[in-house]
Amino acid sequence: MARLLRGQLELMLRVIALESRGAIVRPQGFRWDRSAAGQPAPGGGKFPRGYQHLGSYQFLEPRLRMMGRMLECVRRMGVFLGAEGPVAVDGFRLRNLRYWARYHCETVVGCLGCLSGYCNARCEFCFRYGSMFQRFPHRLLSRAEAETRLKYYDPAVKKGLPYPVDDTGEIFLNRELLDILRAARARDPEALIDDLTTHGNFLDEATVARLAELKPVFVVISLNSANPELRARLMRSGRDEVGIRAFSLLRRNGIPFIGSVVPWPSIPLEDVEASLRFLDREQAYLIRVCLPSFTRHSHPVAPFQGWEHWEKLGALIERVRPELATPLLVQPSWYLRREIRAHVDGVIRNSPAFQAGLRFGDVILAVEGKPVLTRQDAAAELVRLHRAGRSARLRIARDGRPQTFRLDRDGPAEEDRYPYKPAGYRPDPRMLYGIHFIDPFPLESVLAMARILREHPEAGRILVLTTVLGEGLFRKVLGLLGQSAEFKLPLERIRLSVPPHRHLGGNIVVGDLHVVSDYVEHLRDLERMGYRPDLVLIPSSFTMGEWGLDALGCSYLEIERQTGCRVELVPTRPVKM
Amino acid sequence: MQADERGGAESEEFVFRFTLEEVAEGGDEQDPLVEMIRRFLNDLQQIGYLCVKGRRVYVDGFVLNNEAGVLRKL
């Protein structure tokens with residue numbers, strides 16, 4: 001046993017260092033002594049300041065928590081011995097940060113993790129209230145931590161230190177935010193600084209001007225209502241006049257933004273419409289409409305029932321959309337439109353697609369003569385052409401009739417095409433010449449499904465678990481592609497089913513928010529009704545990170561363990577909420 | 001002290017530290033020597049699975065050689 005213990009510790013100590021009350025300790029031995037074990041931890045039961053929270057790292061690097069649990073167990077067996085006697089190990093730190101700089105961060109801001117865990121708003125619609133997920137102690141990113149994270153972030157390979165996955169709050173509550181962003185800009189001089197989501201109530205003239213010094217910058221900002229009184233009642237954060245005025249300040253300073261609206265039922269529909277028109281006048285890059293969602297934890301008394309409110313909002317959006325020059329992004333994006341074709345969901349103002357006259361509802365049939373079936377096909381072709389610095393000729397169907405459009409290539413960086421590409425912003429191929437698509441149906445997940453099924457020829461009953469919004473689309477895709485030579489799916493053996501969101505309750509319909517217990521209970525329900533699958537396929541998007549953990553930190557493997565049904569995750573991408 | 005022990009190559013770097021208090025579990029009846037193995041196997045099966053000849057298997061207990069016949073459940 002001693003050898004086992006020594007071996008484990010030696011391996012761990014290559015990448016972490018033990019601590020006692022915040023100072024490094026270098027144990028030279030260990031004495032078995034249970035009576036002396038279990039030294040008091042710092043903080044005396046309260047989570048100590050200055051420490052990272054293992055729980056918030058578990059989605060990215062669960063082995064940190066494993067090491068912590070092992071060390072805690074070792075601590076209960078006896079005492080570590082230092083040069084001057086027993087030392088009370090009560091924590092550990094990462095050592096050799098170069099070793100730890102191995103985690104993918106898509107953007108320079110992403111490598112920083114959560115900028116602020118605090119929020120000073122008490123939005124009526126916030127579904128994070130209650131005990132939905134694990135709650136970690138809130139923290140603000142310090143400049144010192146940010147600088148170390150940036151030092152180890154490599155923009156060329158997009159890798160950095162492990163970062164906590166926390167609830168994000170209001171970023172401008174972090175008084176060091178602009179200094180941190182300035183450091184990020186210095187680390188990656190040409191990167192677009194995005195991932196900045198705010199309620200805007202701190203964005204006064206001076207702050208926006210300082211933010212503009214860091215361009216290229218992109219902001220997501222909550223409007224919710226352009227009426228200060230209604231907004232104040234809904235968000236309960238104060239300074240609503242500042243928040244509403246922030247939109248024109250961003251525009252005047254050439255910072256593009258997505259304006260966000262959550263049309264909660266307490267907001268009259270005519271006010272929702274006024275807010276959409278306000279954002280259109282302010283030249284938002286996109287207008288995001290988040291259809292109101294709540295959980296049984298956030299709202300023990302349901303604020304509305306059924307689909308009626310969403311239906312009213314859907315009708316309003318479809319009526320107003322043709323009158324706006326700004327694309328409307330409705331989330332969940334599959335609520336209003338469930339199809340796999342390359343349906344144009346809007347065009348960004350002043351983009352090549354905008355100037356060419358493309359509009360909502362057009363369906364792209366071919367790009368440069370090459371037929372495209374899906375949004376993914378069209379997007380891939382457009383990215384390829386953009387990277388090659390070329391214009392793009394599109395054949396589209398408008399009101400059932402074919403037409404041809406040419407999208408010009410983007411101009412030089414200094415050209416101002418706000419909000420599509422303000423002066424000084426580099427054209428980005430992923431902006432697809434300004435064509436806005438909703439989330440594509442992930443056809444690669446059907447391919448992955450076919451591969452998994454080939455690996456399980458013995459499975460007679462195959463159950464695919466999906467979502468309320470995904471089910472119809474999935475059925476359509478299986479019907480269209482399932483029999484083709486590429487897929488060859490045994491459709492007669494496949495059953496689709498939608499587990500209820502028992503854990504979250506409320507009106508949650510997005511599959512990414514299923515948790516393991518939802519799947520387990522659903523499989524048990526099906527078994528009680530006489531159906532027991534041989535193989536269960538679940539889209540991987542319900543897990544957070546790469547480790548197959550649900551939002552509660554429970555492994556998808558628990559589903560198999562608890563039900564005895566073989567479970568495979570089907571790789572897919574999350575659908576935006 | 002090695003140069004990188006403070007967390008990185010330079011002493012002024014931010015220290016990423018974690019407390020053991022967060023993972024402390026109550027109930028000391030269980031022998032920590034056994035508990036360590038139990039935790040390791042449990043944790044391992046949360047982030048992956050064990051295989052026998054390439055096939056996925058779950059273990060729900062273990063037996064230590066020095067206490068033959070005593071099945072420790074996970």
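Modeller: Before anything else, one cut-off: two residues are in contact if their C-beta atoms, placed from the backbone, lie within 7 Å. Also keep in mind that this is a predicted model.

Colleague: Fine. With that cut-off, how many residues does each chain put into the contact between chain A and chain B?

Modeller: In general, the size of an interface is often given as the accessible area lost when the parts come together. Here we can go by residues: chain A gives 43 and chain B gives 31.

Colleague: Which elements of chain B supply the side that touches chain A?

Modeller: Both β1 (17–19) and α1 (32–47) of chain B bring at least two residues each. The largest share is from α1(B), with 10 residues. By type, that side of chain B splits into 15 nonpolar, 11 charged and 5 polar residues.

Colleague: And what does chain B look like by itself, in terms of helices and strands?

Modeller: Chain B has 1 helix and 5 strands, running β-α-β-β-β-β from the N terminus on. Of its 74 residues, 22% count as buried. Take the contacts in chain B with a separation of 6 or more: 19% of them come from residues 24 or more positions apart.

Colleague: Back to β1(B). Which strand of chain A pairs with β1(B), and in what sense?

Modeller: The general idea: strands of a sheet pair through backbone hydrogen bonds, either parallel or antiparallel. In this case, strand β6 (residues 91–94) of chain A and β1(B) pair in the antiparallel sense, over 3 bridges. If you want a spot to click on, Gly91(A) has Thr19(B) as its bridge partner in β1(B).

Colleague: Now a sheet inside chain A. What is the strand order in the open sheet of 4 strands?

Modeller: The order reads β21-β20-β22-β23 (chain A), and the pairing is parallel. At the edges sit β21 (494–497) and β23 (566–570) of chain A, each pairing on one side only. On average, neighbouring strands of this sheet are turned by 25 degrees against each other, direction ignored. For one of the pairs, strand β20 (residues 462–465) of chain A is joined to β21(A) by 4 bridges, and Leu463(A) has Arg495(A) as its bridge partner in β21(A).

Colleague: Which helix lies across β20, β22 and β23 of chain A?

Modeller: That's helix α14 (residues 443–455) of chain A, which runs at about 150 degrees to β23(A).

Colleague: How do I read a helix pair, say α10 and α11 of chain A: at what angle do they pack?

Modeller: Two packed helices are described by the angle between their axes and the distance between the axes. For α10 (residues 269–281) and α11 (residues 308–320) of chain A, the angle is about 40 degrees and the axes are 11 Å apart. Therefore α10(A) and α11(A) are oblique to each other, and their crossing is right-handed. Leu269(A), Val272(A), Glu273(A) and Leu276(A) of α10(A) make the contact with Lys312(A), Leu316(A) and Val320(A) of α11(A). Those residues divide into 5 nonpolar, 2 charged and no polar.

Colleague: Why does Lys312(A) count as partly exposed?

Modeller: Because Lys312(A) has 14 C-beta neighbours inside 10 Å; a residue is buried at 20 or more and exposed at 12 or fewer.

Colleague: And which residues of helix α5 in chain A are buried?

Modeller: In α5 (residues 143–151), those are Glu145(A), Ala146(A), Thr148(A), Arg149(A) and Leu150(A). The buried residues of α5(A) pack against β8 (159–160) and α6 (177–187) of chain A.

Definitions and conventions: Residues are numbered from 1 along each chain as its sequence is written. Chains are lettered from A and ligands numbered from 1 in the order in which they are written. This is a predicted model: local features need pLDDT of at least 70, side-chain atom pairs count only at pLDDT 80 or more; totals for chains, interfaces and linings use all residues. Axes are lines fitted to C-alpha atoms, for helices over the stretch in contact, and angles run from 0 to 180 degrees between N-to-C directions. Angles under 35 degrees count as roughly parallel, over 145 as roughly antiparallel, 65 to 115 as roughly perpendicular and the rest as oblique. A crossing is left-handed if the near helix is turned anticlockwise from the far one by less than a right angle, and right-handed if clockwise. Ala, Val, Leu, Ile, Met, Phe, Trp, Tyr, Cys and Pro count as nonpolar, Asp, Glu, Lys and Arg as charged, and the others, Gly among them, as polar. Two strands pair if DSSP finds at least two bridges between them.
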